[in-house]
Amino acid sequence: MKSKVRLMQGNEACVEGAIAAGMRFYAGYPITPSTEIAELSAERLPLVGGRFMQMEDEIGGMAAIIGASLTGAKSMTATSGPGFSLKQENIGYASIAEVPCVIVNVQRGGPSTGMPTSPAQGEIMQARWGTHGDHPVIALTPSSVRETFDLTIKAFNFAEKYRTPVILLMDEVIGHMREKVQLPDPSEIVIIDRKRPDCSSEEYLPYEADNDLVPPMADFGTGYRYHVTGLVHDETGFPSNSTAVADKLIRRLSNKIEIHRDEIESWEEENTEDAEVLILSYGCVARSSKSAMNILRGRGIKVGTFRPITIWPFPEKRLRELAAKVKTIVVPEMNLGQLVLEVERICGCNAKIEKLNKVSCEIIYPEEIVSKIEEVL
Amino acid sequence: MPSVLVENYFRTEKLPQIWCPGCGHGIITRSIASAIEKSGIDKNKICIVSGIGCSSRAPGYLDFNTLHTTHGRALAFATGIKMAKPEIKVIVIMGDGDATAIGGNHLIHACRRNIGITAIVYNNSIYGMTGGQYSPTTPKYDKGTTAPYGNIDKAFDICKLAASAGATYVGRATAYHASLVTSLVQNAINNEGFSLIEAISMCPTYYGRKNKKGSAVSMMEWQKNSAINNEEFAKMSPEALEGKFLIGELKNSPEPEYTNEYQKIIDRLKKESQ
């Protein structure tokens, strides 16, 4: 049975999705434009036996969700630009220690304090490389309220399945926008829980991976007395200065995402069969791209859209196929050109790539995309 | 042959530890293990958390769920563990720089919340792991590699800081007073709310050498001669107190514990919805 239709904000849909996915711990710090996620988590979590904490700072929020996750609780924090910068060190900790958690970043204008209640897409590259060192990343980007619900669940599922931090990269428009949504019945929602060890505590090697490159994870307090560290460590979990151990660990962390790209990558495409021009965009801008496509199709121009839903890992294979078919790829972004670098890397030789960038902290309008395409054709 | 205590509570295969000869950290770590043994708590229900630095290597040698986190953040990680699973006894080991410089904000707020965590600060008055830089507890005018002409910062009194921020059990001991470390940590573990024990350690390698404090033995003699208890303190003149510091129980005033307070909200909401 489907729930009744509701008018809901993106930030609200994120909390609904998190609760549906099994979130039972939230720790964070108030910051615009993500604050509603903290407020609603504070209201909802104790009602389902979960726990909410407003921490003393952004760093503490990130640290606390890692601690909570180690006890087995599905955990999330939410923030925006400045807070996302502050969380980076501990995001790296969650990566190397393989602690599942979800970090929501509702992007606003930056750098620094920037323009707090206005939208931007300035953290595309920070989501990929924000924490130091080579590390795996999964980052998902919704472009509607309903999709925010779905992707929050997906973020928890990926975090649990691959034992890695997952970033939900929203933007202020999607976070604050209200849309009519109908949420699915809980029975229709797929929930994934982390693998737990099926061996005895004596036999347990906390960082010995299975064939999927993901090690089973024991909850703290259940008799599996193991060590967790942000230092390079071997299968036992204890630090090692061995260069061979370091090489093996860092490659496995990266490969556990690489070998599952087909399961992780998702995108949406429209009118790509006959498209000569492809608009590649994400988040709130993808909505404008759709309108622009419809306007241009009305004028007889063969335009299609491609929307990466997983920004990281980027749906590389599919874009490469499309690049061989289209003549021009237009990449509108609310930054000075971040994801376009990836697009150029993937299909630079095959298609002409045109950037459309806006950093005035407002959405890119359909007419702007239409003008750009008419200009370059 | 390791003692029964070491056999039962240490990961003996990880020994010997990495600390320098003469370091006080091993004595303090053993004293903590002894307090845990005396408390009789199930090993599987204890979690030991640390940050970064010399002291923070201690959990790696202890046979519990152990978590070696990022610099200064041990209490914030520990807060997540305690809040998500309150039945776990959470013990946090930090150094002076870890707890009071980079982690100072987490420290005062953990105190303020009175969350059920036992924090033990190994205070050796220096950043040892990075090679002897001055810390927030380096005495004024003492030297460090980053204070070659003498440190002009005033030192923190960690116990006063914790007590005034809201910790409900506070005590101080030294590596010399090892059995006092044990009894204070035992009391701290029994306190439902937030406890802080400052364990004064010695770093002959960096702090001692930079400040001509002599061998580890003479640094322990200094601990023995400079530490006074509450009764002695009451009888001494201000002149006689110069250069002395208090050891023993400094605060013991239980108050409602944070995760219990949150549980009350959950229970109340459950009742209201029925």
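Trainee: How many residues of domain 1 of chain A are in contact with how many of domain 2 of chain A? And what makes two residues count as being in contact?

Mentor: Good place to start! There are 21 residues of domain 1 of chain A in contact with 18 residues of domain 2 of chain A. Each has a partner across the boundary whose C-beta atom, placed from the backbone, lies within 7 Å of its own, so it qualifies as a contact residue. Keep in mind that this is a predicted model, in which local features need pLDDT of at least 70 and side-chain atom pairs count only at pLDDT 80 or more, while totals for chains, interfaces and linings use all residues. Residues are numbered from 1 along each chain as its sequence is written, and chains are lettered from A and ligands numbered from 1 in the order in which they are written.

Trainee: Which elements of chain A give two or more residues to the domain 1 side?

Mentor: They are β6 (115-119), α5 (124-129), β7 (138-140), β8 (165-171) and α7 (172-176) of chain A. The largest share, four residues, belongs to α5(A). Helices (H or I, at least four residues) and strands (E, at least two) are DSSP runs, numbered from the N terminus.

Trainee: Where do domain 1 and domain 2 of chain A begin and end?

Mentor: Domain 1 covers 6-188 and domain 2 covers 268-376; such bounds come from an automatic or database domain assignment. Taken over C-alpha atoms, their centres are 26 Å apart.

Trainee: Why is chain A called as compact as a globular protein of its length?

Mentor: Start with its contents: 13 helices and 16 strands. The radius of gyration (taken over C-alpha atoms) is set against the globule rule, 2.2 Å times the number of residues to the power 0.38. Chain A has 21 Å, close to the 21 Å that the rule gives for 377 residues, so the description fits. The C-alpha trace spans about 70 × 45 × 45 Å along its principal axes.

Trainee: What does chain A show to chain B: how do its residues divide into nonpolar, polar and charged?

Mentor: On the whole, 35 residues of chain A are in contact with 33 of chain B. The chain A side has 20 nonpolar, ten polar and five charged residues. Nonpolar means Ala, Val, Leu, Ile, Met, Phe, Trp, Tyr, Cys and Pro; charged means Asp, Glu, Lys and Arg; the others, Gly among them, are polar. α3(A) gives the most to this side, nine residues.

Trainee: How do you know that β10(A) pairs with β2(B)?

Mentor: Pairing takes at least two bridges found by DSSP between the strands. Three bridges join β10(A) to β2 (residues 65-68) of chain B, in parallel, so the requirement of the definition is met. A:T229 stands opposite B:H68 there.

Trainee: What makes β5 of chain B mostly covered?

Mentor: A residue is buried if 20 or more other C-beta atoms, placed from the backbone, lie within 10 Å of its own, exposed if 12 or fewer, and partly exposed in between. In β5 (residues 169-174) of chain B, six of six residues are buried. B:Y169, B:G171 and B:A173 lie on one side, with B:V170, B:R172 and B:T174 on the other.

Trainee: Which strands pair with β5(B), and in which sense?

Mentor: β6 (residues 195-200) of chain B is parallel to β5(B), over six bridges, and β9 (residues 248-252) of chain B is antiparallel, over four. B:Y169 faces B:S195 in β6(B) and B:N252 in β9(B).
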